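The following note concerns helix packing and one pocket. It is arranged as numbered points for a colleague's consideration.

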Amino acid sequence: MQPSGAVKVWDLPLRIWHWAFAACMAGLLCTGLSGDLSLLGWHMRLGAVMVGLLLFRLLWGLWGGIHARWRGYAPSLRQFLAHFRGGRVDDPHTAPGRLLAIGFIALAAVQAATGLFANDDIFTEGPLARSVSDALSDRMTWVHNRVFMALIALVAVHLAAHAVYAAKRDPTPLAMFTGRKPAAVQPTANHWLRAALTAAVAATAVVAGGLMR
């Protein structure tokens, strides 16, 4: 166990994933909400990329960097309350941050999954829309056209939280750039070979599933 100095808590593959996830989500929101039908092809391609990113993260949570693993995301009411009372918790994850991360991944998974089966009844349909009944595809479309609002709300909460951290000169907003954060934990390794194999598995699943058109 290290003393409570700044240690490497986020491995580089996770940080690359984080920014790729953010960029992909921004692209999906822009192409999906623009009203420009010519962008829907890009919207679906980005949707396939999002599926790959989510698969990578789900797997990385099993065997990635030690602080990226799902066992570190268990919610704790005690730590959640301690966070807002200003108490320091020597953990890479803030308690609200755990809930936000889980919420992002869960909602993005619902949005991506329903998008695969969605249709607009005119020009565009998801790559798997014809594998289900029209009624089920319509239900998936209904969900897909609403979940994005919850994702936008989470983005707003996330950005507002980091604005507060920045105002308090808290190093948390920099952690996804530097990988380092004050915490009394073991530093993580990058596990490049493991990351490459995980990315290959995720990409293969997307291509084999016929999601990338």
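**Helix packing and the second largest pocket**

1. In this predicted model, α2 and α7 are in contact: Ala48, Val51, Gly52, Leu55, Phe56, Leu59, Trp60 and Trp63 of α2 meet Arg194, Ala195, Thr198, Ala199, Val201, Ala202, Ala205 and Val206 of α7. By class, this contact of α2 with α7 comprises 13 nonpolar, 2 polar and 1 charged residues.

2. The geometry of this pair is as follows. Helix α7 spans residues 192–208, and its axis lies 9 Å from that of α2, at an angle of about 140 degrees. That angle makes α2 oblique to α7. The two helices cross in a right-handed sense.

3. α2 also packs against α1, at an angle of about 150 degrees and with the axes 9 Å apart. An angle over 145 degrees counts as roughly antiparallel, and α1 and α2 are therefore roughly antiparallel to each other. The crossing of α1 past α2 is left-handed.

4. On the α1 side, the residues that meet α2 are Pro13, Leu14, Trp17, Ala20, Phe21, Cys24, Met25, Gly27, Leu28, Thr31 and Gly32. Their counterparts in α2 are Leu40, Trp42, His43, Leu46, Gly47, Val49, Met50, Leu53, Leu54, Phe56, Arg57 and Trp60. The contact of α1 with α2 divides into 17 nonpolar, 5 polar and 1 charged residues. Phe56 and Trp60 of α2 are thus listed here and also in the contact with α7.

5. For α1 and α5, the angle is about 130 degrees and the axes are 12 Å apart. These two helices are therefore oblique to each other, and their crossing is left-handed. His18, Met25, Leu29 and Leu33 of α1 make this contact with Phe148, Leu151, Ile152, Val155 and His158 of α5. By class, the α1 and α5 contact has 7 nonpolar, 2 polar and no charged residues. Met25 of α1 takes part in this contact and also meets α2.

6. Which helices each supply at least two residues of the lining of the second largest pocket? They are α1 (12–33), α2 (40–63), α4 (95–117) and α5 (134–167). The pocket holds about 720 Å³ of space.

7. The lining of the second largest pocket consists of 35 residues, and Gly32, Leu40, His43, His144 and Asn145 lie nearest the centre. By class, the lining has 19 nonpolar, 13 polar and 3 charged residues. Gly32, Leu40 and His43, which lie among those nearest the centre, also belong to the contact of α1 with α2.

Key: Residues numbered from 1 in each chain as written. Predicted model: local features only at pLDDT ≥ 70, side-chain atom pairs only at ≥ 80, totals over all residues. Heavy atoms only, no water. 1 Å grid on protein atoms, 1.4 Å probe; cavity = no way out; pocket = protein on both sides within 12 Å on 5 of 7 lines; lining within 4 Å. Points joined across faces, edges and corners; volume = space filled by probe spheres on them. Helix = DSSP H or I, 4+ residues; strand = E, 2+ residues; numbered from the N terminus. Nonpolar A, V, L, I, M, F, W, Y, C, P; charged D, E, K, R; others polar. Axes fitted to C-alpha atoms, helices over the stretch in contact; angles between N-to-C directions. Parallel < 35°, antiparallel > 145°, perpendicular 65-115°, else oblique. Left-handed = near helix turned anticlockwise from the far one by under 90°. Contact = heavy atoms within 4.5 Å.
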